[in-house]
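Dear colleague,

I am passing on the structure we spoke about, and I would be glad if you could look through it alongside the notes that follow it.

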Amino acid sequence: MENAQHQVCESNNRTCANGKQIPNGASRRDWEKRPGQRTGSQEKANGFRTQTQSHHPSLNDCLDGEVKAFLIDEGELHTYDDLTKVNPVTTTTVLKCLQARYCARVFYTHAGCTLVAVNPFQPIPHLYSLAVMKEYHSAPQPQEFKPHIFIVAEQAYRNVQGQVEPVNQSVIVSGESGAGKTWTSRCLMKYYATVAAPSTSQQGQDTVQRVEKRVLDSNPVMEAFGNACTSRNSNSSRFGKYIQLQLNRSQQLVGATIQTYLLEKTRVACQAASERNFHIFYQMIKGATEEERQQWEMPHDAHFSWLPNVDRTLEEDCFTETKDAMMHLGINRQMQGQIFQVLAGLLQLGNVHFSAPANESKPCELQQQSKAFLQKTATLLGLPTEELLCCLSERTIRAGRQQQVLMKPCQRTECSMRRDCLAKLVYARVFDWLVGFINQSMCADSSSWCNFIGLLDVYGFESFQQNNLEQLCINYANEKLQQHFVAHYLKAQQEEYVAEGLNWSFISYQDNQGCLDLFESSPVSVFSLLNEECRLNRTSDAKQFETRLEKALSDNACVSWDKFDARPHFMVSHYAGAVCYQIEGMMEKNKDPVPPELISLLEKSQDTLLRGLFANYNEEQNDTRGHSKVITVVSKFKSSLDSLMGILHSTTPHYTRCIKPNTDCRPLTFKKEEVIAQLEACGIVESINISAAGFPIRIPYLNFVMRYGLIANFKISSKAMNNTGSETEKDTLGTAVSDILRIALPDPPVAASDLPDHQPRCSLVHCGKTKIFITHAMLELLEAERGRALSRHASCIQWCWRRYCSRKRASQRRAATLIQAAVRSWLLRREVLKWHTAATRIQRSWRTWRATMEALAKAELDDNLDVTELSVSLPGSPVQTTWHSIQLASSPGPDLLRSWPVDLALTSSPTISLTVTASGIPKGLSLMACLKLSFRKTTYQVETNQFEQGVASIRAKPQVIQPPLRAMWLSVSEWQHANMTDIKTLT
């Protein structure tokens, strides 16, 4: 029944906790905080009551009336997706809501500024599918969806897109070991690799896809080499990592880097009874092929001292997936073989055991079964067997002024320590090389990215039966993260409210600054005393160190000692509970001594990978050491952790609290006592109270106006942008802020100094002295109004641009028309001028030709002519007509030409045969120019239109209209062919 109610409530998220329907267009959070509906959050916001939370030793304590009234309807508890809506906010009510949601298979819940994730201890594929990622990424307001880790991821991604200062983001995943931090970090990386939109170019798409693939493939590799099975978690991170996802200006994923912190390398040589070594060793044992087993000296029946609980099978024992991921990262098969061969050599080294010699002056001897393992170790590591044995069983001593080298035999325990030191040293160098190689394959050039989103996944708070230096550093790191959370959310916010003039009453919270002072205060602290003990050139004494701690730190309330425990120890009251640390062996681990003869031996290795790992080892140690003679593990870890905290303080943090519902890792099992301890330890209830009553977003006036000034069309002067403006300009910013809020809100708030005591302030926004305090709901309203303003301005720009383009096209059209008209006019004038010139020439030529013809005709008529009668038979005429031939000159061989008859006109015959004899080219040209002649070699015919109208004499004017004459020009060759000496006219 609860599951059905949960499904209905989660699918229809438009109903308030009190059962009232939310109007369309209003968010659920806004509707529940409207005036007239007083919730627990508004009572704290308006009355600012201080609520002191009492720590309940059990769930059977007496509940007050409000808690009883709230817990009456337990069937509706799973509908509270945000714990700020719980009224009243107590540890009991928060626990009941989380339990109800967990039983309804809802594992994420908002707790004000943080997200609470309860580990289900079973796979839920549909909750992290690609469709769900796209749904949250494309949602206009993801906060209205069901709580999810993707909401935190999307909020950080949109902060980078909106360039809200500080632009860089950090997602901090915290919780106990086994609470689900590694899985949450894996989901975050997958989400960012999915939503990073590829560019339009094919080259950009290939780059983004390559980076996404390598970012995702780095997870199985880092987990295989850095995670292990512990008594509290089957996939516990034994190192801390901070992953920077590098984004360009288009918010595309272009690269990534991994920073690691404090690898638990002692696990290589020392594991608890119920725990295992790193995953990679078990993957090799179970997933190696027959060829690889033969190469690595790992038969099926092999037993290794450093691999306990081999028969236990885990989901992480997937060797093929690890090798494929390494291949995608650029580690080829040959290089993989070298890495696994070195790791196989370390497993063989773990089976090497020494026995005490009969003579103490002699070095320790190998046990009989260990000789073969030493030989295999030397072969796999590429080291000489005798030199390896000498380095493990003897140490070098330099004595005298001349630094004479002496070899001193080591005791049996020291031989085992040197063996373990060699294994830890080699594995740590392989791990660091692997991280560096992954960074080199994924990291983008500094010029190609401008912002980043950081994912912090560190080891959770640990408390075992035996706790030593590793747990001390791990819990110290968790204390630093808790202090960052307290300083950022619980302490700094409240102090800032008072400084900005808000009428605020402080809400009590648990501050862990005293515990941090115990670890790192100056001049005396646990770390300073531990480092001082390690720098002293003397044998470590655990009992003496316990006495020093008790004498120097007895005034600190966070440290104590159990008088009934004879072992050297000290107890620290952490924020998550008290932990007892054993001092025995802590100084040796902090020194982390590395015999120089081991480094010299590894530098001579025949294996290229192993030799390269230690090529610059001494130089790196000298650079790290500086002026200090001893480099301790604590000092290096504290330095790297301080660097990490500096990065976190420079970014916008987003906290996700992972809760472990039971210690047995059983699915869907919720143990109240363990969950309530975690809630009280990490300050969830206090953060809910402050988030419900306060304002999580604080923006300075200038930045507020710079981002939202376009809502009121306000322009910022250059002096105000440089913070050099006068008081008048600063008042102008206040006026601009009021105008912006007046547009965004129907009832904008007033300043704190102008607010009467009896008047309640606005629950969405408050104007402080230098900053604007707003809630997430108000931020959504401002962003929506800014989006509308941007849309209006964009439309205005589009209108102006279209108007400009239209006017430009019209102007271009008019200019083109004028140009075309001018060109046409010029072309027409040029054509008319050509016509006029041609007509003038034609007229001139015609007049010249006519005058010449008239002169020639007149000259021909005046010449003496000899006429001979000829009988010509004309076609179509029965009468034989007598014509005259004109004798122009005497010629022995006359040629026949078709031409007009000179001085005669025929009215009925269409053709006339002439024989003309001329004495000169000028007279022939003058005659031919009057006629239209076609020349042939035999006969010549004359075709003229004068036969149609009749022919009149040239001298006498004709009775009918005389048609124009047509000129015929002879070619020079034809004229030369003709005999021009004698021309006779035949009729």
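Please keep in mind that this is a predicted model, and that residues are numbered from 1 along each chain.

I begin with the charged contacts, since the structure holds 31 salt bridges. In one of them, Asp-81 pairs with Lys-85, with 3.3 Å between the closest N and O atoms, and both Asp-81 and Lys-85 are buried. Another joins Asp-217 to Lys-213 at 3.9 Å, N to O; because these two residues are 4 apart in helix α9 (residues 202-226), about one helical turn separates them. Here the partners fall into separate classes of burial, as Asp-217 is buried with a relative accessible area of 8%, whereas Lys-213, at 39% relative accessibility, counts as partly exposed.

In helix α31, which spans residues 776-862, the side chains of Glu-854 and Arg-850 meet in a salt bridge of 3.5 Å, N to O, and these residues are again 4 apart, or about one helical turn. Arg-850 is partly exposed, at 47% relative accessibility. Elsewhere, salt bridges with shared partners link Arg-238, Glu-264, Arg-267, Glu-275 and Glu-462 into one network.

Helix α31 also contains Leu-827, which is partly exposed at 36% relative accessibility and belongs, with Ile-819, Val-823 and Trp-826, to a nonpolar surface patch whose accessible area together is about 380 Å².

Finally, the axes of helices α14 (residues 370-381) and α15 (residues 385-393) come within 9 Å and cross at roughly 110°, so the two helices are roughly perpendicular to each other, and α14 passes α15 in a right-handed crossing.

With best regards

Note on methods: This is a predicted model: local features need pLDDT of at least 70, side-chain atom pairs count only at pLDDT 80 or more; totals for chains, interfaces and linings use all residues. Side-chain values use heavy atoms; hydrogens and water are left out. Patches are made of residues with over 30% relative accessible area and no salt bridge: like charges are joined within 9 Å, nonpolar side chains (Val, Leu, Ile, Met, Phe, Trp, Tyr) within 5 Å. Accessible areas come from the Shrake-Rupley method with a 1.4 Å probe; for residues, only the protein chains shown count as cover. A salt bridge is a side-chain nitrogen of Lys or Arg within 4 Å of a carboxyl oxygen of Asp or Glu. Buried means under 20% relative accessible area, exposed over 50%, partly exposed in between (1.4 Å probe, protein chains only). Axes are lines fitted to C-alpha atoms, for helices over the stretch in contact, and angles run from 0 to 180 degrees between N-to-C directions. Angles under 35 degrees count as roughly parallel, over 145 as roughly antiparallel, 65 to 115 as roughly perpendicular and the rest as oblique. A crossing is left-handed if the near helix is turned anticlockwise from the far one by less than a right angle, and right-handed if clockwise.
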